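Reader: I have just opened this model and would like to learn how its features get their names. Could you walk me through it?

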Amino acid sequence: MLDIRRRTGVLLLAVVMGQLVLISAQVQSKSGLPVFQAVTFGLFASVQGGTTGALHGVRDFWGSYVWLRGVRGENEALRKQLAELEVRLQEQRELASRSARLQALLNLQAATPVPTLAADVIAGNPNPGMLTLTIGRGSADGVQADMAVVAPGGVVGRIVGMPAAHAARVQLLIDRNAAAGAWTERTRAGGLVTGVDKDPPLAMELVSNQADVKPGDLVVASGVDGIYPKGFAIGHVETSERGSGLYRAISVRPTVDFSSLEEVLVLLVPARSATPEDPGTAPAAPTGTAK
């Protein structure tokens, strides 16, 4: 009984819908089109509009995806190009820096009134008990023990030990066992510059408490030690105080940057015995060395 009623209802609904379709096909709207055609046209237009919008969305998304992949590739290429340019820039800076250092060394060599030999620093300090460096020049080049080594900034140190054929060790002036005769350029107050385990790494000793030594005074080699020619810069006075005994307590900041030495000059003058100061016995440093 229930199935008959359900079938009857479905049949009735179908008949009603058919009547509505027939009526709408015959009845015209204000625009002159049948109502059925207007309704179906609107439905299809909506479906078509939705489909077209979806297709545009997919197309735009795909285009954006392809564009982003292209941009990503361009960015990677630009990154590689930038890295290459940075490497080239560093190389050019290093070349410019080396050219400037070599020019300063050539200027010093030309102005020094004694024979000199340019040398590259090839190694640092292998022995923590002594501050040294190794240069790529040796006995085959005329290098001998106790020859002075200088740089555009001033005194570096001296050759120690017997040089090899193409290498030699240089004891730095800031080593605690190194020393050089010195005086202040302003007042000619004489003393002895030694290396110390402090900052600054140089001290000027044996300078009378009565001497006029002030911070900022330039300290230069006096030549009395028989190794370092007179006039080469050593450093600037950083502190100068009256000592408890006969001598002042003086600290000196080196004019040479010992942490960045790459090229030096060896003065090809054999060391002589230390003698009392005699301006005529030691060759003077070139003008402008004591800065």
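Reader: What makes up the protein chain, counted in helices and strands?

Author: This is a predicted model, and its protein chain has 2 helices and 12 strands. From the N terminus on, the order is α-α-β-β-β-β-β-β-β-β-β-β-β-β.

Reader: How do you know how much of the protein chain is buried?

Author: A residue counts as buried when its relative accessible area is under 20%. Of the 291 residues in the protein chain, 31% count as buried. The accessible surface of the protein chain comes to about 17,700 Å², and 60% of that belongs to carbon and sulfur atoms.

Reader: Which share of the contacts joins residues 24 or more positions apart?

Author: Among contacts in the protein chain with a separation of 6 or more, 57% are between residues 24 or more positions apart.

Reader: Why is strand β12 called largely enclosed?

Author: Strand β12 covers residues 263-267, and 5 of its 5 residues are buried, so the rest of the structure largely encloses it. You can look at its two sides as well. In a regular strand the side chains alternate between the two faces of the sheet. In β12, Glu263, Leu265 and Leu267 point one way, while Val264 and Val266 point the other way, and all are buried.

Reader: How do you know which strands pair with β12?

Author: Two strands count as paired if there are at least two bridges between them. Strand β1 (residues 116-123) is joined to β12 over 5 bridges and pairs with it in the antiparallel sense. Strand β3 (residues 148-151) has 2 bridges to β12, also running antiparallel. Because the requirement is at least two bridges, both β1, with 5 bridges, and β3, with 2 bridges, qualify as partners.

Reader: Which residues stand opposite each other in these pairings?

Author: On the β1 side, aspartate 120 stands opposite glutamate 263 of β12. On the β3 side, valine 149 stands opposite valine 266, and valine 150 has leucine 265 as its bridge partner in β12.

Reader: What makes both faces of β3 covered?

Author: On one side of β3 are Ala148 and Val150, on the other are Val149 and Ala151, and all of these residues are buried.

Reader: What do β3 and β4 form together, and how many bridges do they share?

Author: They form a hairpin, with 2 residues between them. Strand β4 (residues 154-160) pairs with β3 in the antiparallel sense over 4 bridges. In one of these pairings, alanine 148 has arginine 158 of β4 as its bridge partner.

Reader: How do you know that β11 is paired, and with which strands?

Author: The same kind of count applies: at least two bridges make a pair. Strand β11 (residues 249-254) has 3 bridges to β8, and the two run antiparallel. Here alanine 203 stands opposite serine 251 of β11. Strand β10 (residues 233-241) pairs with β11 in the antiparallel sense over 6 bridges, and histidine 236 has arginine 253 as its bridge partner in β11.

Reader: What is notable about the backbone at proline 200, aspartate 146 and leucine 206?

Author: Let us start with the general background. Most residues other than glycine have a negative phi, and most peptide bonds are trans. The peptide bond from aspartate 199 to proline 200 is cis, with omega near 5 degrees. Proline 200 lies in the loop between β7 (190-195) and β8 (202-205). Aspartate 146 has a positive phi, near 70 degrees, and is found in the loop between β2 (132-135) and β3. Leucine 206 has a positive phi too, near 60 degrees, and its place is in the loop between β8 and β9 (218-221).

Reader: Why are aspartate 146 and leucine 206 called partly exposed?

Author: Buried means under 20% relative accessible area and exposed means over 50%, so partly exposed is what lies in between. Aspartate 146 has 27%, so it is partly exposed. Leucine 206 has 49%, so it is partly exposed as well.

Reader: What lines the largest pocket, and how much space lies in it?

Author: About 180 Å³ of space lies in the largest pocket. Its lining has 13 residues, of which Arg101, Ala151, Pro152, Leu261 and Glu263 lie nearest the centre. By class, the lining holds 6 nonpolar, 3 polar and 4 charged residues. Helix α2 (residues 35-111) gives the most to this lining, with 3 residues.

Terms used
Residues are numbered from 1 along each chain as its sequence is written. This is a predicted model: local features need pLDDT of at least 70, side-chain atom pairs count only at pLDDT 80 or more; totals for chains, interfaces and linings use all residues. Side-chain values use heavy atoms; hydrogens and water are left out. On a 1 Å grid over the protein atoms alone, a cavity is a set of points where a 1.4 Å probe fits but cannot get out, and a pocket is an open set with protein on both sides within 12 Å along at least five of seven lines; lining residues have an atom within 4 Å of a point. Grid points are joined across faces, edges and corners, and a volume is the space filled by probe spheres set on the points. Ala, Val, Leu, Ile, Met, Phe, Trp, Tyr, Cys and Pro count as nonpolar, Asp, Glu, Lys and Arg as charged, and the others, Gly among them, as polar. Buried means under 20% relative accessible area, exposed over 50%, partly exposed in between (1.4 Å probe, protein chains only). Contact means heavy atoms within 4.5 Å. Accessible areas come from the Shrake-Rupley method with a 1.4 Å probe; for residues, only the protein chains shown count as cover.
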